[in-house]
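Visitor: Hey, I've got this one open on my screen. Can you walk me through it?
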Amino acid sequence: MKLRFLGCGDGFSVEQGHNSALLTFADTNLCIDFPESNHASLHQMGMKLNEVKHIFVTHLHEDHINGLSKLALFHRVYPGKAKPKLYVPTGLRDDLWQVLRHGLELTTRGKRVFEDYFDVECVDETFEIAGMRFELIRTQHVPDMLSYGLLCKPYFYFSGDTRLDETYISKVAGEVQTIFHECHMQDDQLPSHTSLEEILTLPVSIQEKMLLMHYVDDYVLADAREPFHGKQKLRLAEPLRVYEW
Ligand SMILES: [Zn+2]
Ligand SMILES: [Zn+2]
């Protein structure tokens with residue numbers, strides 16, 4: 001199994017793309033979230049949008065879903081072997097179509113529905129692709145908003161957007177080799193995200209399993225980054241970098 005970050009910046013990043021990762025395994029792929037910035041990253045990898053086979057949506061903030069409309073239209077104009085399969089947490093399905101339908105519902109060939117563009121599968125706890133099992137983990141992003149991380153044992157946990165849930169992270173650290181965790185890398189507290197200060201409260205053995213993602217472009221001035229990382233021993237996800245198990 002390989003995971004490649006198509007983007008690892010926050011919602012305002014212009015340098016690193018918005019946070020999204022492409023998993024490849026068993027001759028297929030799964031994209032976690034689909035921001036608009038994925039198009040350029042896939043192009044750099046020599047992949048076309050119609051080669052994306054499965055997508056999982058963690059939550060409905062626009063930096064995680066603002067490429068889905070283009071993906072849907074690309075597949076209609078340049079069909080791949082099959083429609084892309086969209087795994088959507090059940091509680092998000094109708095709201096997601098409400099977001100997308102303004103650009104997709106009316107066409108010159110008549111009215112379209114969500115399923116004309118995607119093979120939509122509502123998921124609650126787990127789903128499986130080519131024998132690989134993925135578990136949805138409810139996260140603590142914005143109060144009352146549905147948001148999820150993705151667990152794929154024994155390989156990784158991908159937090160999605162969330163505040164730090166220390167209890168869960170301590171538990172999952174014993175079940176996976178790598179934890180991809182969001183961290184805005186600033187000292188100030190953004191109440192719906194995780195700060196560097198909070199990550200540094202975790203045991204070093206857990207920090208060593210972590211790769212931080214969804215961070216701001218200017219977390220440290222460029223020429224100060226090397227000494228910064230030497231001191232912190234924390235790893236940051238990088239766009240297009242491949243992580244393999
Ligand atoms: Zn986000
Ligand atoms: Zn978010």
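Guide: Sure, we'll start with the metal site and then turn to the strands; bear in mind that this is a predicted model.

Visitor: Which residues are the protein donors of the zinc ion (ligand 1)?
Guide: Asp 63 and Asp 161 donate through OD, and His 64 and His 214 through NE2. They lie 2.1 to 2.4 Å from the zinc ion (ligand 1).

Visitor: And how are those donor residues spaced in sequence?
Guide: The pattern reads D-H-x96-D-x52-H. The pair Asp 63 and Asp 161 ties together parts that are 98 residues apart in sequence, because Asp 63 lies in helix H2 (residues 62-65) while Asp 161 lies in the loop between strand E12 (156-158) and helix H6 (166-172).

Visitor: Are Asp 63 and Asp 161 buried or exposed?
Guide: Both Asp 63 and Asp 161 are buried.

Visitor: What about the angles at the zinc ion (ligand 1)?
Guide: The angles among its four donor atoms run from 87 to 168 degrees, and the site is irregular. A tetrahedral call needs all angles between 85 and 135 degrees.

Visitor: How far apart are the zinc ion (ligand 1) and the zinc ion (ligand 2), and which residue coordinates both?
Guide: They're 3.5 Å apart, and Asp 161 coordinates both.

Visitor: OK, switching to the strands. What order do they take in the open sheet?
Guide: Seven strands run E9-E10-E11-E12-E13-E14-E15, with mixed pairing. Strand E9 (126-129) and strand E15 (235-236) are the edges, each pairing on one side only.

Visitor: In what sense do E10 and E11 pair?
Guide: Antiparallel: strand E10 (residues 132-138) and strand E11 (residues 148-152) pair over four bridges. Ile 137, for instance, has Gly 149 in E11 as its bridge partner.

Conventions:
Residues numbered from 1 in each chain as written. Chains lettered and ligands numbered in written order. Predicted model: local features only at pLDDT ≥ 70, side-chain atom pairs only at ≥ 80, totals over all residues. Heavy atoms only, no water. Donors = N, O, S within 2.8 Å, 3.2 Å for Na, K, Ca; no water. Tetrahedral: all angles 85-135°; square planar, octahedral: opposite > 155°, others 65-115°. Helix = DSSP H or I, 4+ residues; strand = E, 2+ residues; numbered from the N terminus. Buried < 20%, exposed > 50% of the residue type's maximum accessible area, 1.4 Å probe, protein only. Pairing = 2+ DSSP bridges.
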